[in-house]
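Dear colleague,

Please find below the structure that I agreed to pass on to you. My notes on it follow directly after.

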Amino acid sequence: MKRWIPLIVFLVLVGFFAKGLFLNPREVPSPFIGKSAPAFTLPVVGDANTSFSPADMKGKVWVMNVWAPWCVSCRQEHGLLMALAQSQPVPIVGLNWKDKDREAAQLLSDQGSPYFAVPDDLSGKVGIDYGVTGTPETYVIDKGGIVRMKHVGPISPDIWKEKFEPKLKELGA
Amino acid sequence: MKSLLFALMLALVLPASAEEATPVGEDPVIEQRMIKLSEELRCLVCQNESLAGSHAELAEDLRQEIRVQMKAGKDDKEVIDYLTTRYGDFVLYRPPFKPLTMLLWFGPALFLALGAGIWYFTLNKRRNLKETPVDEKQLAAAAHLLEDNK
């Protein structure tokens, strides 16, 4: 028995390292899960007279996708978001983060907009209030305005199916 | 001639050093505090860099935010609270002491105790080792074997 101990210790270590190897270091646990989504009021892209605030969404389960026209991996998920906007009822709000070159309106009219509303966070402060570290990041917010989930990185059909759909169902969307 | 050259060189050198001496930030005290604090904080974009040393845009924004808050009279703890409510304890290079991080803080001591325990018991076992009795017959057999192999 005794001579197996080093092997067992070795295997346990390998187990930990293997797990660590497949973790995504970008997936920093968000301190907002279970807390109220930070309030903000921002003008909407393409219409400076209209504004958007999370309070407008009270009573609805909704998804906030933080994106930017300069963000390459946001293009990756754009097609999927377009399809989701058509196929499922949960509204997707697209926070336009630090769009200094003011390209969002043009891009959305060229490629289509999957968004229910596109609040314009030019300074990036709202992004910081939500703990955004890079685009794209996507939050699921429940009927009471509580953040229930955060996903870092582009959404793929698989991720939507495995991560978002069960959560949205659970929240009664 | 020599002194002329010296004056020329001096003229070249002086403005350069004068330029270097001007502080980068508007308020050197706040700048110092900001840099000191942000060296303890992690940049969230390039996670191996401190907030002070990172060139990422988000790091720049956060440094600016720290400046603004310090100027508004907030102390270091309040600024850190501002960041941890948004980004979690992950921004801190020194993990805070709380139930979740107990193992992190006591882990090394735990392993040291474990090692000391193993060491103690091994020594103890060795101390209690009894000499194996060897009788004449066995000695003779051993001598015989050694003879044979010569």
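Which residues touch the most other members of the largest nonpolar core? In this predicted model, that core has 34 residues, and those with the most contacts to other members are A:W62, A:M64, A:V93, A:Y139, A:V140 and A:I141. Several elements of chain A give two or more residues to this core: the strands β3, β4, β6 and β7, together with the helices α2 (72-87), α3 (104-111), α4 (125-129) and α5. The largest share, five residues, is that of β3(A).

One of these core residues may be followed further. Leaving aside residues up to four places away in sequence, A:V93 touches A:W62 and A:M64, and also A:Y115, A:F116, A:A117 and A:P119. A second core, separate from the one above, has 14 residues, including B:C43, B:L58, B:A59 and B:L83.

I turn next to the sheet of chain A. Five strands make up this open sheet, and their order is β5-β4-β3-β6-β7, with mixed pairing. At the edges are β5 (120-121) and β7 (147-152) of chain A, each of which pairs on one side only. Within the sheet, strand β3 (residues 62-67) and strand β4 (residues 92-97) of chain A run parallel and are joined by five bridges. Across this pair, A:W67 stands opposite A:N96 in β4(A). Helix α5 (residues 157-170) of chain A lies across β6 (137-141) and β7 of chain A, and its direction is at about 170 degrees to β7(A).

As for chain B, it contains six helices and zero strands. The chain is divided into domain 1 (22-96) and domain 2 (97-150), and the centres of these two domains of chain B, taken over C-alpha atoms, are 52 Å apart. Of the 150 residues in chain B, 13% are buried. Among the contacts in chain B with a separation of 6 or more, 38% are between residues 24 or more positions apart.

Finally, the two chains touch each other: 11 residues of chain B are in contact with 11 residues of chain A. On the chain B side, α3 (57-71) and α4 (76-87) each supply at least two of the residues that touch chain A. By class, this side of chain B has five nonpolar, three polar and three charged residues.

With kind regards

Technical notes
Residues are numbered from 1 along each chain as its sequence is written. Chains are lettered from A and ligands numbered from 1 in the order in which they are written. This is a predicted model: local features need pLDDT of at least 70, side-chain atom pairs count only at pLDDT 80 or more; totals for chains, interfaces and linings use all residues. Domain bounds come from an automatic or database domain assignment. Helices (H or I, at least four residues) and strands (E, at least two) are DSSP runs, numbered from the N terminus. A residue is buried if 20 or more other C-beta atoms lie within 10 Å of its own, exposed if 12 or fewer, and partly exposed in between; C-beta atoms are placed from the backbone. Two residues are in contact if their C-beta atoms, placed from the backbone, lie within 7 Å. Ala, Val, Leu, Ile, Met, Phe, Trp, Tyr, Cys and Pro count as nonpolar, Asp, Glu, Lys and Arg as charged, and the others, Gly among them, as polar. Two strands pair if DSSP finds at least two bridges between them. Axes are lines fitted to C-alpha atoms, for helices over the stretch in contact, and angles run from 0 to 180 degrees between N-to-C directions. A nonpolar core is a set of buried Ala, Val, Leu, Ile, Met, Phe, Trp, Tyr and Cys residues joined through C-beta atoms within 7 Å.
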